[in-house]
Amino acid sequence: MTSFICPVCVEEYIFTSRLCPSCQKIKHYCSIYSRARLMEVLDSVFSREEDKQNNKLKVEINKEIENLKNKVLKPLQIKRGEEVD
């Protein structure tokens, strides 16, 4: 019955399509972002040691916090007539 197993993950049984839902989703991402971009993202995220993954996560969270602060504080500073850097 190997013909009913997903050829990509070789874990899930398929009956009505060529790929299982998870592998179909990966294929869809490849068509949207290109295979090269998808591999770049996967390598940059999953090729890190766990402590480096945590550091990367902290950096990204801090960037998002700064972006949100800027979106909130700059309009307030402009409204008050304060100098905006």
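The following conversation concerns salt bridges, cysteines, a buried isoleucine and a surface patch in a predicted model.

Visitor: How many salt bridges does the structure hold?

Guide: The predicted model holds four salt bridges.

Visitor: Which residue forms a salt bridge with E40?

Guide: The partner of E40 is R37, with the closest N and O atoms 2.9 Å apart. Both residues lie in helix α2, three residues apart, which is about one turn of the helix.

Visitor: Are those two buried or exposed?

Guide: Both are partly exposed: E40 has a relative accessibility of 49%, and R37 has a relative accessible area of 40%.

Visitor: Which residues are linked in a network of salt bridges?

Guide: The network links K56, E60 and K63. E60 meets K56 at 3.2 Å, N to O, and E60 also meets K63 at 3.6 Å, N to O.

Visitor: Where do E60 and K56 lie relative to each other?

Guide: They are four residues apart in helix α3, residues 50–80, and are therefore separated by about one helical turn. K63 and E60 are three residues apart in helix α3, again about one turn. As for accessibility, E60 is partly exposed at 35%, K56 at 36% and K63 at 47%.

Visitor: Changing topic, how many disulfides are there?

Guide: The count is zero.

Visitor: Why is C9 not in a bond with C20?

Guide: The closest cysteine sulfur to that of C9 belongs to C20 and is 3.8 Å away, too far for a bond. A pair would count as a disulfide only with the sulfur atoms within 2.5 Å. C23 is likewise in no disulfide, since the nearest cysteine sulfur, that of C20, lies 3.5 Å away.

Visitor: And C23, is that buried or exposed?

Guide: C23 is buried, with a relative accessible area of 6%, whereas C9 is partly exposed at 25% relative accessibility.

Visitor: Now I14. Where does I14 lie, and what is I14 in contact with?

Guide: I14 lies in the segment before α1, which spans 21–33. Leaving aside neighbours within four places in sequence, I14 is in contact with F4, I5, C6, P7, L19 and C20. The C-alpha atoms of I14 and F4 are separated by 5.2 Å, although these residues are 10 apart along the chain.

Visitor: Why does I14 count as buried?

Guide: I14 has 8% relative accessibility, and buried means under 20%.

Visitor: Last one: which residues make the nonpolar surface patch?

Guide: M39, V41, L42, V45 and F46 make a patch of about 430 Å². Among them, L42 is in helix α2, residues 35–46, and is partly exposed, with a relative accessible area of 35%.

Conventions
Residues numbered from 1 in each chain as written. Predicted model: local features only at pLDDT ≥ 70, side-chain atom pairs only at ≥ 80, totals over all residues. Heavy atoms only, no water. Patch = residues over 30% accessible without salt bridge, like charges linked within 9 Å, V, L, I, M, F, W, Y side chains within 5 Å. Areas by Shrake-Rupley, 256 points an atom, 1.4 Å probe, with all protein chains shown as cover. Salt bridge = Lys/Arg side-chain N within 4 Å of Asp/Glu carboxyl O. Helix = DSSP H or I, 4+ residues; strand = E, 2+ residues; numbered from the N terminus. Buried < 20%, exposed > 50% of the residue type's maximum accessible area, 1.4 Å probe, protein only. Contact = heavy atoms within 4.5 Å.
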